[in-house]
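Got the viewer open? Here is a route through the model, with something to select at each stop.

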Amino acid sequence: MISKGYLSPNSKSLCVEAPNGHEVFALKKIGVEDSIGIFRKAAKPLVIRGEGDRIPFDDNTFDFIFSGGARVEMSARPFDFASEIVRALKPQGFAVFHVKANDSYSLNSFLDLFHSCKLIKVLDIDGFNPSMPYIREIVLKKENHGYRKKPGDDSKNCSFQAHKQELVQKAEPLIEEEPLKPWVTLKRNIKNVKYFSSMVDISFKNRYVYIDVGARNYGSSIGSWFIKQYPKQNKSFHVYAIEADKAFHKQYASKKKAVTLLPYAAWVRNETLSFEINDGPAQEKVNKTKNKGRGMGRIQPVKSSRGELNTEVNEIQGFDFAEWLKNTFTKRDFVVIKMDVEGTEFDLIPKLFETGAICLIDEIFLECHYNRWQRCCPGQRSTKYKKHYRHCLELFTSLRKSGVLVHQWW
């Protein structure tokens with residue numbers, strides 16, 4: 001550090017989350033006398049009380065800040081941790097970090113936390129104890145212009161998606177040939193899914209979010225799949241359930257702390273919509289088989305082959321899903337979406353691209369609706385949807401080309 005000019009004997013230095021003061025002792029030993037450490041439990045004279053997300057010093061105090069032992073990764077609030085380091089660091093000062101994660105996605109996520117800092121160096125070195133067998137050393141320099149920006153809408157700049165393409169290339173292949181029994185083939189395909197969080201480290205994110213669009217009841221996919229099966233890397237995810245069907249709203253009242261219910265329909269604008277609950281012959285057989293007893297809801301009513309509405313139709317409120325994403329999240333958040341919206345995906349996905357909100361999404365589990373073979377009636381296709389399987393493939397392909405890891409949901 002000294003030979004590269006990042007550190008000098010005159011540097012006022014801070015070691016963040018230094019439990020025993022070893023880093024501070026090392027600095028003093030090489031002549032950097034004005035050094036101090038912070039940890040939640042003091043170990044005076046080398047370490048005083050303080051934490052990474054609440055540094056007990058004024059703005060622009062230190063020339064050099066060090067954080068080792070993967071402390072940023074272990075922080076429950078990495079965004080606050082980064083903000084405090086930038087705040088306490090002088091303009092043109094250097095911050096050095098030792099982290100475990102060594103993939104390109106985690107590096108980009110890490111750099112997103114330090115918006116007002118310039119990357120100087122990344123070096124992969126051997127670790128010095130079993131807890132960190134390898135270390136990625138990252139050196140940042142604080143720019144002259146103020147503090148880091150508050151999270152804002154960077155969504156129209158999709159340049160950061162490039163490093164996600166590596167993950168898309170590792171994803172399970174799309175099912176190219178239309179399945180004769182999609183309800184079987186697609187459900188089995190979930191075993192082949194290569195989850196985003198099983199391929200890279202997701203530690204350097206501000207928030208972790210799961211959005212279930214077309215959630216139905218809690219056990220439909222939130223409780224039965226996401227909570228039980230999705231690999232979360234010990235992160236706490238906030239869950240949003242977007243469901244317009246009032247029949248499912250009551251059960252979410254008991255899960256207020258675990259799930260935020262948005263009792264509306266995800267749509268391309270804010271407006272009142274007609275909402276159909278389809279209980280045609282095909283759906284009735286599926287409902288009995290699955291013991292669910294409730295048809296699937298969709299925004300646009302569809303007439304039966306006899307020209308009669310075999311449905312329940314209500315007025316519901318639709319909301320601009322893309323705009324909500326942009327107003328609620330930033331690229332510093334880790335966002336996973338499951339979307340099962342009975343054909344509305346052909347409206348929602350283009351709007352996500354048009355507004356740039358697609359760039360905020362890391363992973364999508366998407367059920368695509370088309371005129372598939374019917375479960376109830378061998379040899380007959382559904383008349384409920386006008387799209388064909390090839391349209392679904394085009395939709396999945398466009399998402400993957402944009403750097404969004406999309407999987408075929410059932």
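A residue counts as buried here when its relative accessible area is under 20%. Select A82 as a test case: its relative accessibility is 0%, so A82 is buried. Keep in mind throughout that this is a predicted model.

**Around A82**

A82 belongs to helix α3, residues 78-88. Now add L113 and F114 to the selection, since A82 touches both, leaving out residues up to four places away in sequence. For a backbone view, show D112 as well: A82 and D112 are 30 residues apart along the chain, and their C-alpha atoms are separated by 9.7 Å.

**The whole chain**

Zoom out and colour by secondary structure. The chain has 11 helices and 17 strands. Of its 410 residues, 53% are buried. If you draw the contacts with a separation of 6 or more, 72% of them join residues 24 or more positions apart.

**Helix α10 and its two partners**

Two packed helices are described by the angle between their axes and the distance between the axes. Select residues 345-355 for α10 and 389-401 for α11. How do their axes meet? They come within 12 Å and cross at roughly 25°. The cut-off for roughly parallel is an angle under 35 degrees, so α10 and α11 are roughly parallel to each other. The crossing of α10 past α11 is left-handed.

Show side chains where these two helices meet. From α10 you want E345, F346, I349 and F353; from α11, pick H391, C392, L395, S398 and L399. By type, the residues of this contact are 6 nonpolar, 2 polar and 1 charged.

Next, bring in α9, residues 321-328. The axes of α9 and α10 are 9 Å apart, and the two helices pack at an angle of about 45°. That angle makes α9 oblique to α10. Their crossing is right-handed. On the α9 side, select F321, A322, L325 and K326; on the α10 side, L348, K351, L352 and T355. This contact divides into 5 nonpolar, 1 polar and 2 charged residues.

While α10 is still selected, which of its residues are buried? They are E345, F346, L348, I349, K351, L352 and T355. An α-helix has 3.6 residues a turn, so residues three or four places apart point the same way. Step just past the end of α10 and you reach G356, with a positive phi near 85°.

**C392 and H391 in α11**

Centre on C392, in helix α11. With a relative accessibility of 1%, C392 counts as buried. Apart from neighbours within four places in sequence, C392 contacts F346, C368, H369 and Y370. Add E367 too: E367 and C392 are 25 residues apart in sequence, with a C-alpha to C-alpha distance of 9.1 Å.

Then move to H391, also placed in α11. Is H391 buried or exposed? Its relative accessible area is 17%, so H391 is buried. Look for a polar atom of the H391 side chain that lies 2.9 Å from the backbone nitrogen of H388.

**Helix α7 and what covers it**

Select residues 222-229 for α7, where I222, G223, W225 and F226 are buried. What covers these buried residues? Among the elements doing so are β8 (208-213), β9 (238-242) and β16 (363-366).

**Backbone stops**

Most residues other than glycine have a negative phi, and most peptide bonds are trans. The last selections are worth viewing with that in mind.

- R216 sits in the loop between β8 and α7. Its phi is positive, about 55°, although R216 is not a glycine. The relative accessible area of R216 is 7%, so R216 is buried.
- Q92 is in strand β5, residues 89-99. Q92 is not a glycine either, yet it has a positive phi of about 75°. At 34% relative accessibility, Q92 counts as partly exposed.
- P45 is in the loop between β2 (35-39) and β3 (47-49). Show the backbone from K44 to P45: the peptide bond there is cis, with omega near 10°.

Methods: Residues are numbered from 1 along each chain as its sequence is written. This is a predicted model: local features need pLDDT of at least 70, side-chain atom pairs count only at pLDDT 80 or more; totals for chains, interfaces and linings use all residues. Side-chain values use heavy atoms; hydrogens and water are left out. Buried means under 20% relative accessible area, exposed over 50%, partly exposed in between (1.4 Å probe, protein chains only). Helices (H or I, at least four residues) and strands (E, at least two) are DSSP runs, numbered from the N terminus. Contact means heavy atoms within 4.5 Å. Axes are lines fitted to C-alpha atoms, for helices over the stretch in contact, and angles run from 0 to 180 degrees between N-to-C directions. Angles under 35 degrees count as roughly parallel, over 145 as roughly antiparallel, 65 to 115 as roughly perpendicular and the rest as oblique. A crossing is left-handed if the near helix is turned anticlockwise from the far one by less than a right angle, and right-handed if clockwise. Ala, Val, Leu, Ile, Met, Phe, Trp, Tyr, Cys and Pro count as nonpolar, Asp, Glu, Lys and Arg as charged, and the others, Gly among them, as polar. A polar contact is a pair of N or O atoms within 3.5 Å; within protein, one must be able to donate a hydrogen and the other to accept it, and residues adjacent in sequence count only if both atoms are side-chain atoms.
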